[in-house]
Amino acid sequence: MLSDPTSRCVTPWKMSLIKIFSAIYFITVCAAQGPRNVTGVSTTIPPPSPAAIPTVYDAPVPALEIQSIFLDVFPSEKVEFSCSIAGSSDWTFTWSRDGQEVQESDPNVSLFAEGSILKLSAATQTYSGSYNCKGHHKTKNVITAASNSLGLTVNAYTPKPTLSRTSNFNKMYPGESITFTCVVHGSSGWEYMWYHDGNLIQGKDSTYFIRSIDHSNSGQYHCKASRGKADFYTDNSPTTTLQVSDPPKPSLRLLTPWTNVFENETVGFSCDIDSSGWTITWYKDQEQVLEDYVLVLDMEDSLLNVTEMTEEYEGIYACRAQLESRSVSSEFSNTINISIYENLPKPTVTVTPGINQMYVGEIVNFTCNVDVASGWTYQWYKDGEFLPQSSKTNSITLNLSAVGMYGCSATRGEVTSTEISEEIRQDVIEIPVPSLKATEHWLDVFPGESVQLSCLMDKESDWIYTWYKDGKLIQANNAIYLGLNGPTLTIKSASAAHAGRYTCKGDLKDRPVSSHSSPGCNLTVYDSKPTVTLNQDPDFEVMFLGESLSFSCHINISSGWEYLWYKDEVELNISQNKHMITSVGTANQGSYKCQARRGTNQSPYFATSRTKQLEVQENKPKPSITQQPDVNKVYVGESVSMNCKVQVSSGWEYMWYKDGTQVSTNSSRLSIDAAYLTNSGTYTCMARRNKNTFNTAVSDGRILHVSEIPTPSIKLLTQWMDVFPMESVKLHCGMSDISEWTYTWCIDGKKVQASNAVSFDSDATTLSIQSASSLHHGKYSCSAKLKSRSVTSGRSSGLPLHVHGSKPRVTLIQEPGHDVMHTGDPVSFSCHINISTGWEYLWYKDDNQLVESGNNYTITSLLTKDSGSYKCQTKRGRSTVFYSDQSQTARLNVEERPKADIILMTGWSEAFSTDSLVLSCSVPESQLSWNWNYTWFKEDEIIDVPPSEKYIVTPQNDPDQSMYTCKGIRHGRPSYSKISEQFKTKNLLLKRRVLLSISGCIFFGIILVFLGCIILRVVRKPAEQEYKPEEAELFLRMDQIKGLDDEPCPLFQFITDAELNSSSKDNPAEGEENTLADGETTPLPITSQEDLAETTESHGTSENGGLVSFKQ
């Protein structure tokens, strides 16, 4: 330390000089390769002092115990573990299962007492595994080793106990005992619960015992088990049914027919019970029956037979059943009382009806009666001979051989028979036959006539008569009357229903005796009244003065008829069947009829003819002419007919005249099969009757006009005569004069038929082809036919229709035809179809129709959104539109045109060695094989220099800080790039010169200060310093330099000063032009502090002549 003032002055100057050199050094480093941002220098933290070595203890091992008894559990069963460290409570615990930590977030996991208690709900088998725990000291960072492990097994399913019983009988009887047993297999610790019909009846024991069963014990039984503190329950066991029933009651049946028997008859019993295994015991008068030579017991079939009945075995019988294997007895069965008769009875015979003399065919009933007991079988006798009948009543249909004496006897079983009864006599005679006759003179009658028949028997008067027609019984009604007891049958008014063969029979009063039918009598009833025919000759409805005629009356059935004549309902004095009028006058006009009559005056029968009206006219009739067809004009070749008719009367013959000349025909019809022009003229007719040569007046004239048939014309309704497959076509055919024509179409001389593709409108005036094909190609013609007449025209002239073999081909041409286009390029599409006319054009992009029309579609400047598939299509037509197939697809791929980019090649480290800037132009988004040349622009004006990648800016050629752009050009595609962003020099050359001048001034000023300090040190005497401050670390260590990343380098801050920033803010467009896209800056050769540190470290710990300290 210097003691004089000079030395005190030198020290501050020395420190200032060192700081100035340090500043110069760091400025130089930052300008050459320093980072953009430099942080402040941080102080160095001294390393910590070593800690004291603690005493080391072994951590205790926790003990794991099971609290919930079982380690083999079932789904949802609760499990509890405890973990503890003896003698200490300063621990918390964590749990693991199979090495994986148990998470407290699991809803089936609960931890208590700082984790020392683990409670699980074993929901699934995933909780099976080996469990252990670890302790964590509350205040020290100490973790114990794992505890002992306990293996937990979780079964897949909840257990289901099995239920068994000591007695498996379907039915149990009151007083019996039973034991149920419930078992859960494969596990232990269970307590059991018993349920009867769903109600809990007993707990804990695995068995349930019923000492004496009664009906209240019937029902469904099941069990389930529980264990553990949390009462885990098993599923319910299967259900078993206990059915308690009373022992069945035996049913006692009598196998023999009678309870009242005679001595030595057999009696049999059967004791029936519903179930098997029962033993039967027999009782008589409530005492057990023991087997002997008369009483026979069949234990297997539960039968008791009394083989010979005596008074000893008379009594009340019953039975009872025992189930010996189970000590169960039934109650007594029903009882049957057996009694014995003392003597055998004698039968008696009765007869119904009680008449000695009977007719053949009557039925007589003999009855044999035994007053005692039942079950008898009867035997019948006639004149002492055995009859085959064995029933109690013997019915006999009498005939002549049935005369004789009748008796009977009775038997029961094999040992009991009575003696024969007293006998009764029976006599039999034949039934007489009735006679039938008619009281009238005839048996063929007409509807409305009356008929009477009679029926008589030869003997007795107590007969009632029954009448039959065609074998069917006749009942009296409004048309048929029967006399008292039916001896006569009268038909008051016959009808067709009364016709048939009549017979009669007699029936005795109060006895079922009927005679045979009488001989038959056939009655004929006509379907209707007789027809009286009135004939007129000649049969003309209208007669004229002087003509003659006659009437005749006829009836062609039966006989005995008389005839009556009437005119205008007034009877004429004529009795014959004919009436003549020789010369008709007006007095003879009127209504005529005749009538036929037969029978007596009391009941005559009449038949009347129909009325004939005779009309007499004074004036001659005039015929009229009708024509078919009824038209004013007919065509050559057409058939024409004319009818001449006299509207009054009939029987006429006709004569025809044309233009006053008679035509050789006598028919009322004049026919012209094929008209000619010569058939035109005026036609008349006249009529006459040949029988009396009476002529009518001449008819009025009818004019017939015959003309030639016109020819139809054909024309095209659609626009084109050449069409394509599936295109529609319409043709029209018409006549010039009238519209009552239908048309027929031909193609190449062949008739066109309607089909799916071809249709016609009404009358076939229009032919429509909905979808043309090669079948429709040809020359079309048409002909016409009148709707209501057989007139057909000739064919029209031909109209050719050309149908192409296929749809027209549409060609799409792209110009230019490059596969890949770039934004800004123009492109034009043209759509061509070289056949037919009338086309409209449709354009599609990606199958979506565009609004463009016309055969050209041009895009003047392509965008990337114009990429896609282009095609076109044509159409024509109005009401029915025809579409061509779509053209081939032209795929347009529009790529973004690459953009040029300007880069400043002059680095800041060259600021002291150059006064120019080098700009470089490149197209970064292009392929390496593309060879670009570059054109330069200043203020959007091209710079007249040869195309080059680089351009040098000097103060001479850019004194005004101009905007620069560039564009890439090449011979291939794309032939040019987008123009780059604008780049402004911003007076960078001037700033570099100013920086160089300032650096020189500072350098020479430092040298002068350094020389002055040396001179002062030599001239002045050093003084002792009282206070020497600690020198600060002027030079930074490498570890400090690496940490500097916050503050900017001074040189970098000078170059990118506020002027640049303000100009960028004032003119955003210019700021964008001087920077790269997406926030990139112009690349300058500025090195980061990390790179500086790596460089200095690689060069060693010191640098010759440098001012940087590498102190670590």
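**Salt bridges and strand pairing in the predicted model**

In this predicted model, Arg876 and Glu727 meet through their side chains in a salt bridge, with an N to O distance of 2.5 Å. Arg876 belongs to strand S80, whereas Glu727 sits in the loop between strand S66 (722-723) and strand S67 (729-734), so the pair ties together parts that are 149 residues apart in sequence. Arg876 has a relative accessibility of 1% and therefore counts as buried, the limit being under 20%. Glu727, at 2% relative accessibility, counts as buried as well.

Strand S80 (868-876) is followed by a loop that leads to strand S81 (882-883), and Thr880 lies in this loop. The C-alpha atoms of Thr880 and Ser728 are 6.8 Å apart in space, although 152 residues separate Thr880 from Ser728 in sequence. Thr880 is partly exposed, with a relative accessible area of 42%.

The salt bridge of Arg876 and Glu727 belongs to a wider set, as the structure holds 28 salt bridges. In general, side chains of opposite charge can pair when their charged atoms come close. Another salt bridge joins the side chains of Asp825 and Arg897, at 2.4 Å from N to O. Asp825 is found in the loop between strand S75 (820-822) and strand S76 (827-832), and Arg897 in the loop between strand S82 (890-895) and strand S83 (901-904); the pair therefore ties together parts that are 72 residues apart in sequence. Asp825 counts as buried at 11% relative accessibility, and Arg897 counts as buried at 3%. Asp825 and Arg897 also belong to a network with Arg973, joined by salt bridges that share partners.

A further salt bridge is formed by Glu562 and Arg597, whose closest N and O atoms are 2.8 Å apart. Glu562 lies in strand S50 (residues 562-567) and Arg597 in strand S53 (residues 590-598), so this pair ties together parts that are 35 residues apart in sequence. Glu562 is partly exposed, with a relative accessible area of 45%. Arg597 also counts as partly exposed, at 29% relative accessibility.

The secondary structure of the protein consists of seven helices and 90 strands. Strands of a sheet pair through backbone hydrogen bonds, in either a parallel or an antiparallel arrangement. One open sheet is formed by three strands in the order S56-S58-S61, with antiparallel pairing. Strand S56 (624-628) and strand S61 (669-672) stand at the edges of this sheet, and each has a single partner strand, so one side of each is left without a neighbour in the sheet. Neighbouring strands of this sheet are turned against each other by 15° on average, direction ignored. Strand S56 pairs with strand S58 (residues 640-645) in the antiparallel sense over five bridges. Within this pairing, Ser641 in S58 is the bridge partner of Gln628.

For the protein as a whole, 40% of the 1112 residues are buried. Among contacts with a separation of 6 or more, 64% are between residues 24 or more positions apart. The accessible surface comes to about 62800 Å², and 49% of this surface belongs to carbon and sulfur atoms.

Key:
Residues are numbered from 1 along each chain as its sequence is written. This is a predicted model: local features need pLDDT of at least 70, side-chain atom pairs count only at pLDDT 80 or more; totals for chains, interfaces and linings use all residues. Side-chain values use heavy atoms; hydrogens and water are left out. Helices (H or I, at least four residues) and strands (E, at least two) are DSSP runs, numbered from the N terminus. Buried means under 20% relative accessible area, exposed over 50%, partly exposed in between (1.4 Å probe, protein chains only). Contact means heavy atoms within 4.5 Å. Accessible areas come from the Shrake-Rupley method with a 1.4 Å probe; for residues, only the protein chains shown count as cover. Two strands pair if DSSP finds at least two bridges between them. Axes are lines fitted to C-alpha atoms, for helices over the stretch in contact, and angles run from 0 to 180 degrees between N-to-C directions. A salt bridge is a side-chain nitrogen of Lys or Arg within 4 Å of a carboxyl oxygen of Asp or Glu.
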